[in-house]
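Good morning, and thank you for joining. I should like to take you through one chain, beginning with a residue at its surface and ending with the chain as a whole.

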Amino acid sequence: MKRNSPLTAYQAHCLKIATDKNLSPKQKTHFLSLEAENNIPYLALSSETEQALNERIICDMYEGHAPYKPRYVLPNYERFLKNGSAYLELDPAEDFDDALNMLMILYHHVPSVTGLPVFLGYLDKLLMPYVKEQTEQQLYRKLKHFWAMLDRTLPDAFMHANIGPEDSIICRLILKIDVELKQVAPNLTFMYHSDKTPESLFSQAIENICECSKPHIANDVIHTAAFDDQGYGVVSCYNSLPLCGGGSTLSRINLREVALRSLNSEDFLTHQLPKYCHYQMELIERRTTFLYEESNFFQTSFLVLEDLIQPERFTPLFGIFGMAEAVNILMEKNGCHASYAPNSQALFLSY
C-alpha cells in the first residue's frame, strides 16, 4: 500500500509489530504500548549513571522510561473478598463461586511490569472460608476450571500463587490439579514450616516437583522472621515482598562487566563496585521518585483508595548477576587459576 510520506524508523518499527503474523492482537497491543512508553525521554540522570546504564553495567530490567506502575504488586485479597469493591461494583463474597469469580475480576486490574498480575495470593487461605458445605468433588471441578482459566487468560510464568504451610483440602486439591494439568502458569510456591506442615503434605509437594517442577519450596520460618505481622508473599519465581505492598522497581548490577573494568579483586571491591553501586542507587532513587511523585499511581489507583495496597509497603529491589563470571575474571587478573572448591580462593572471593 502506497503512503503519502515515507515512514520514520519509529513508525516502521511500530508497523512491523502491527503486521507481525506471529503475534496475537493482544500481544500486538502490549508491544505497541511498550514502544510508546519507551518513546518518552528517559528520566534525568547524571552523565556517569546514564553511561553505566547505556553500557548495561547497571540494568533497569527494561521497565520503561517513565515508570507509571510498580514492578510487583501484592494486594490484600482477603480484604477484597470480605469487603467487595466500590470501584469494581462488587459486593463481598458469600460463597465459593463468588470468591473465584471476584479473584478473576481483580486479577485483571492488578498491574505489574508484565501487565499481568505477578501475585495471586495465598489461595488456600483465601478460599477456605468459602468452602462451607461443598464436597471435595465439587471443589475439585471448580478449582480445575479456575486453574485452566488462569493459564488461558493470564498466560505468564511470572504469575505466582502461594499455598501452605498448613494442611487443608484446598491446598491438597491445588497440588493435585497442578500436577494433572502441568501448566506453565500459574507458578506456585509452597511455604514449608517444620512445626505446621505435615509430612504427608510435604511429600505430596515433593512428588509434584518430580512431575512438573512445581511447587517451589520456601522456608516459612526464615521468611516470616524477616517481615512484620502483615506478612509476606513470594512473587515472580523467588522474590519475597511485603503483603499489601510489593516491589516498586528492580535494578541490577552486572558483576561481570564491573570485573572487566577492574584491575584486580582489590580494585573491584574497593573502587569499581562501590562506584557502580552508587550509580545504581541513583537510578533506583530517580525511578522511585517518578513513580511516587509524578506518575500519580499512588494518588489515584483504586487499589490504594480501597486499602488493598499501602504505598509505604513498597520497596525497590537491588539486584546483582554475573557473579561466577566476575570471580573467574578477577581470579585471572589476580594471577590465580582457582576454581570453585572447598577452601579455594575463588570460593572466598565469591563470598
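**A surface isoleucine, a buried aspartate and the whole chain**

Ile209 has a relative accessibility of 31%, which means that it counts as partly exposed. Please bear in mind that this is a predicted model. Ile209 sits in helix H9, which spans residues 199-212. Together with Ile206 and Ile217, Ile209 makes up a nonpolar surface patch, and the accessible area of the three comes to about 210 Å².

Let me turn to an acidic residue. Asp124 belongs to helix H6, residues 123-127. Is Asp124 buried or exposed? Asp124 is buried, and it has no salt bridge. The nearest side chain of opposite charge is that of Lys125, at 4.7 Å, and a salt bridge would require a side-chain nitrogen within 4 Å of a carboxyl oxygen. Leaving aside residues up to four places away in sequence, Asp124 touches Asn162, Ile163, Gly164, Glu166, Ser168, Ile170, Cys171 and Ile174.

I close with the chain as a whole. It contains 16 helices and ten strands, and its C-alpha atoms fill a box of roughly 70 × 70 × 40 Å along the principal axes. Of the 351 residues, 48% are buried. Among contacts with a separation of 6 or more, 74% join residues 24 or more positions apart. The accessible surface of the chain is about 18200 Å², with 54% of it belonging to carbon and sulfur atoms. Finally, the chain carries 30 positive and 43 negative charges, and the mean positions of these two sets lie 8 Å apart.

Note on methods:
Residues numbered from 1 in each chain as written. Predicted model: local features only at pLDDT ≥ 70, side-chain atom pairs only at ≥ 80, totals over all residues. Heavy atoms only, no water. Helix = DSSP H or I, 4+ residues; strand = E, 2+ residues; numbered from the N terminus. Buried < 20%, exposed > 50% of the residue type's maximum accessible area, 1.4 Å probe, protein only. Lys, Arg positive; Asp, Glu negative; His and termini not counted. Contact = heavy atoms within 4.5 Å. Patch = residues over 30% accessible without salt bridge, like charges linked within 9 Å, V, L, I, M, F, W, Y side chains within 5 Å. Areas by Shrake-Rupley, 256 points an atom, 1.4 Å probe, with all protein chains shown as cover. Charge placed at Lys NZ, Arg CZ, Asp CG, Glu CD.
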